[in-house]
Amino acid sequence: MSTKHLLLGDEAIALGAINAGLSGVYAYPGTPSTEITEYIQGNRLARERGIHSHWSTNEKTAMEEALGMSFCGKRALVCMKHVGMNVAADGFVNSAMTGANGGLIVVAADDPSMHSSQNEQDSRFYAKFAMTPCLEPSSQQEAYDMTGYGFRLSEEMRIPVLMRMVTRMAHSRGVVEAGEPRAENTLSYPAEPRQWVLMPANSRRRNDALIADYARFEKLAEESPFNRFTDGADHSLGIIVSGIAYNYLMENFPDGCPYPVLKISQYPLPRKMIRRLVDECDRVLVIEEGQPFIEEQLTGLLPQDKEIAGKFSGALPRSGELTPDSVRAALGMECHQRKGRSQTVMPRPPALCQGCGHRDVYSALNDALRTYSSPKVFGDIGCYTLGWLSPFNAIDSCVDMGASITMAKGAADAGQHPSVAIIGDSTFTHSGMTGLLDAINENTPMTVIISDNLTTGMTGGQDSQGTGKLEDICRGLGADPAHVRTIDSLPKNHDEMMRLFREEFDYAGLSVIVSRRECIQTARRHAKKA
């Protein structure tokens, strides 16, 4: 018996996974992917079944943990935002070489327009690079359906499957018709155990098999229920469109598109379907959210005299998100008239919450650094990145997760003093510990400030893996206990924090300061529950 639900795209994937017999979800919170794991954590059936849903330390550990579950024949889901794919890349690319046993889906949620990200990278390139199938839903219903399909595809082809989401699909709602939940897989082990040991002799054989399998993936894309060719009366133009961009196209043609349309939601590219559209149409328009992934590959498929319009040609914007209007412009249609900007509601830049402990850290840090001629503070990814903005203007860099510590070390190696790293508790356990170990081994003259708010605050207050253990971790890695210091980041401790910072800046070796105060948002929630 089917039931109807109003779900975010993320939630549709989560419910699809539960109903497909999921045994474990592994993830590190990152917008716009966080709600997948949170939905599974709150789902009644998932709790009854004991489906694993604890947060992982980072995306690499999540990928490898899910691969271990797949090895044992059970269905596993890995979730991350697009830059998390960079962290998980070692495990993901090599998982194509090992293959999958139980169904394994890797969800990468891309963020065009960089609403909460450092870049606009397109995760479809990872699937092509690793030679795995890729799914890209164009609706919440497809997101639900594709999840069950993806697990079946993974088990049939013995390969991990990448599912690519984008922000608008992940965070918009639609009605989803869901079926009955399937039972979980039982324990079973790989029929080809040799290929799970990536020694060169095994890997060479597996690489040949993967190349042969890729031709089968292309055939499956040609036959996929998610790739669809729809003919049109006007063959002066043929349209190739993927994922959420299909909605923008059809929004402009409520009575049906007059041109032939090839909707692509499963990769590798369905070459025969593309050639059919190309042969039947005078010119081609490619509409895709993200980078010109499809458009770039058409060069070898289209005749030299065939005109291709898209992001390379300037018909569509190369950066940011697509909109129904940008698609209208590419089609030569007049854009909808927009209302002027409100004169009463002024735009407000993001800022640290009132009562946030990071504020007190930055206030004391800025005051402590005033006596030095050229101090440098290397920042990291989290709420505290907002310390770059006014009124604090406190950090000089923010590159990727964990880079504060490693960049501060490199700067100290270059002779910079003081060289200060500021990193959050969740980011520290995500990817700061290995950089700290380098600094410990060389006793690098630098100061690491771990601004501990006892949670993963930037994505809504998920559990932080280092809560209550940060000082022990630092000492366990080998930091001098005399220079692992702790202080409460409260306004009344401002002068004491300044003194502590200056003491450690002047120490000719590595020091770690843990400044601790619970996130004001989670503190309010805890108080309300109490």
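How far apart are Arg 499 and Glu 503 in helix α18, counted in residues and in helical turns? Let me answer that for this predicted model, and then turn to some other salt bridges in the structure.

Arg 499 and Glu 503 both sit in helix α18, which covers residues 494–505, and because they are four residues apart there, about one helical turn separates them. Their side chains meet in a salt bridge, with a distance of 2.6 Å from N to O. As for exposure, Arg 499 is partly exposed at a relative accessible area of 41%, and Glu 503 is also partly exposed, at 37%.

That pair belongs to one helix, and a search of the whole structure finds 27 salt bridges. Take next the one between Glu 288 and Arg 124, whose side chains meet at 3.0 Å, N to O. Glu 288 lies in the loop between β12 (283–287) and α12 (293–297), while Arg 124 lies in helix α6 (residues 124–130), so this pair ties together parts that are 164 residues apart in sequence. Both Glu 288 and Arg 124 are buried. These two residues also take part in a network of salt bridges, in which they are linked with Asp 110, Asp 122, Glu 136 and Arg 164.

My last example is the salt bridge in which the side chains of Arg 271 and Glu 218 meet, at 3.3 Å from N to O. Here, too, distant parts of the chain are linked, since Arg 271 is in helix α11 (residues 271–280) and Glu 218 is in helix α9 (residues 200–223), 53 residues apart. Arg 271 is partly exposed, with a relative accessible area of 36%, and Glu 218, at 22%, counts as partly exposed as well.

Technical notes. Residues numbered from 1 in each chain as written. Predicted model: local features only at pLDDT ≥ 70, side-chain atom pairs only at ≥ 80, totals over all residues. Heavy atoms only, no water. Salt bridge = Lys/Arg side-chain N within 4 Å of Asp/Glu carboxyl O. Helix = DSSP H or I, 4+ residues; strand = E, 2+ residues; numbered from the N terminus. Buried < 20%, exposed > 50% of the residue type's maximum accessible area, 1.4 Å probe, protein only.
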